[in-house]
Amino acid sequence: MSSAKQVPPQFDASFRARFAELVRWRRDVRRFRSDAVSSELIQQLLTLASHAPSVGFCQPWRFVLVESAQRRAAVIANFKRSNEAALAGYDGERRALYASLKLEGLTQAPVHLAVCADEGAATGHRLGRVSMPETLRYSVVAAIQTFWLAARAEGLGVGWVSIVDPAALCRDLDLPPEWSLIAHLCIGWPQEEHDDPELDRHGWETRLAPSVLAPLRR
């Protein structure tokens, strides 16, 4: 192993401005072109995602590329059942607005990626998880965000489909019993580009005012 001291990179003002722009343009995409995404690019993004922080360095993320037509059909059926149940929980104008929203790109996206947490991961030796075991799943979310930003930098769009029954989806994908679903992601080249969230654009919710997000001081 080399004993030479490594020099950390210096990120100048131009890079920081571009990074801020990347964060602002990271959108939840639901409309995809049919163009293929190379497996090499997906692997490159997964490698970057695996550099995300994790509690106790446990690295609990597990990635599942859903490629067979049968498995994808099961995911779509799962979404439809879950979406009908969610719709039933709204009334009046909010119900009509919910019904009008496009909430997934499952039939369009060329890549389906299920991201799971290995609840039985022995790596990390439970460091940091004794008092807060949920940090294992939080670590997977950090990997998802890293993947998302890296994908956006390549021009790819990512959509997080959370309107699913996670236990049923794990069974449909025949996953190990100790894996829990954290996200089902649709990935592909976006049909359109926006710097504002679709749910904001269509009147479902507005961005919180900075005053609401100001930190409490104690």
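Trainee: Why does R18 count as exposed?
Mentor: In this predicted model, R18 has a relative accessibility of 57%, and since the term exposed applies over 50%, R18 falls in that class.

Trainee: What makes the pairing of R18 with E21 a salt bridge?
Mentor: The closest N and O atoms of R18 and E21 are 2.9 Å apart, and the criterion asks for a side-chain nitrogen of Lys or Arg within 4 Å of a carboxyl oxygen of Asp or Glu, so the pair qualifies. As for their placement, both residues belong to helix α1 (residues 13–24), where being three residues apart separates them by about one helical turn. E21, with 32% relative accessibility, counts as partly exposed.

Trainee: How do you know that D28 and R30 form a salt bridge, and why is R30 called buried?
Mentor: Their side chains meet at 3.6 Å, N to O, which is within the 4 Å limit and therefore counts. R30 has 10% relative accessibility, and because buried means under 20%, the label follows. D28, at 25%, is partly exposed, since that class lies between the buried and exposed limits.

Trainee: Where is D28 found, and what does its side chain reach?
Mentor: D28 is found in the loop between α1 and α2 (39–49), and its side chain reaches the backbone nitrogen of W160 at 3.2 Å, a value that meets the 3.5 Å limit for a polar contact. Leaving aside residues up to four places away in sequence, D28 touches W148, V158, G159 and W160. D28 and R16, although 12 residues apart in sequence, are 22 Å apart in space, C-alpha to C-alpha.

Trainee: What makes E193 and R152 a salt bridge?
Mentor: The closest N and O atoms of E193 and R152 are 3.0 Å apart, so the 4 Å criterion is met. This pair links distant parts of the chain, with E193 in the loop between β4 (179–188) and α7 (198–201) and R152 in helix α5 (residues 135–153), 41 residues apart. E193 is partly exposed at 44%, whereas R152, at 16% relative accessibility, counts as buried.

Trainee: Which residues are joined into one network by salt bridges that share partners?
Mentor: R31, D196, E198 and R201 are joined in this way; the structure as a whole holds nine salt bridges.

Trainee: How do you know that R72 has no salt bridge?
Mentor: The nearest side chain of opposite charge, that of E67, is 6.7 Å away, and a salt bridge requires a distance within 4 Å, so R72, although buried, is left without one. The side chain of R72, which is found in helix α3 (residues 69–87), reaches the backbone oxygen of P110 at 2.8 Å. Not counting residues up to four places away in sequence, R72 touches V66, E67, A109, P110, V111 and H112.

Trainee: Which residues form a nonpolar patch on the surface, and why can F19 be part of a patch?
Mentor: The patch is formed by F11, F15, F19 and V23, with about 380 Å² of accessible area together. F19, which lies in helix α1, is partly exposed at 41% relative accessible area, and because patch residues need over 30%, F19 satisfies that condition.

Conventions: Residues numbered from 1 in each chain as written. Predicted model: local features only at pLDDT ≥ 70, side-chain atom pairs only at ≥ 80, totals over all residues. Heavy atoms only, no water. Helix = DSSP H or I, 4+ residues; strand = E, 2+ residues; numbered from the N terminus. Buried < 20%, exposed > 50% of the residue type's maximum accessible area, 1.4 Å probe, protein only. Lys, Arg positive; Asp, Glu negative; His and termini not counted. Polar contact = N/O pair within 3.5 Å; in protein donor to acceptor, adjacent residues only side chain to side chain. Contact = heavy atoms within 4.5 Å. Patch = residues over 30% accessible without salt bridge, like charges linked within 9 Å, V, L, I, M, F, W, Y side chains within 5 Å. Areas by Shrake-Rupley, 256 points an atom, 1.4 Å probe, with all protein chains shown as cover.
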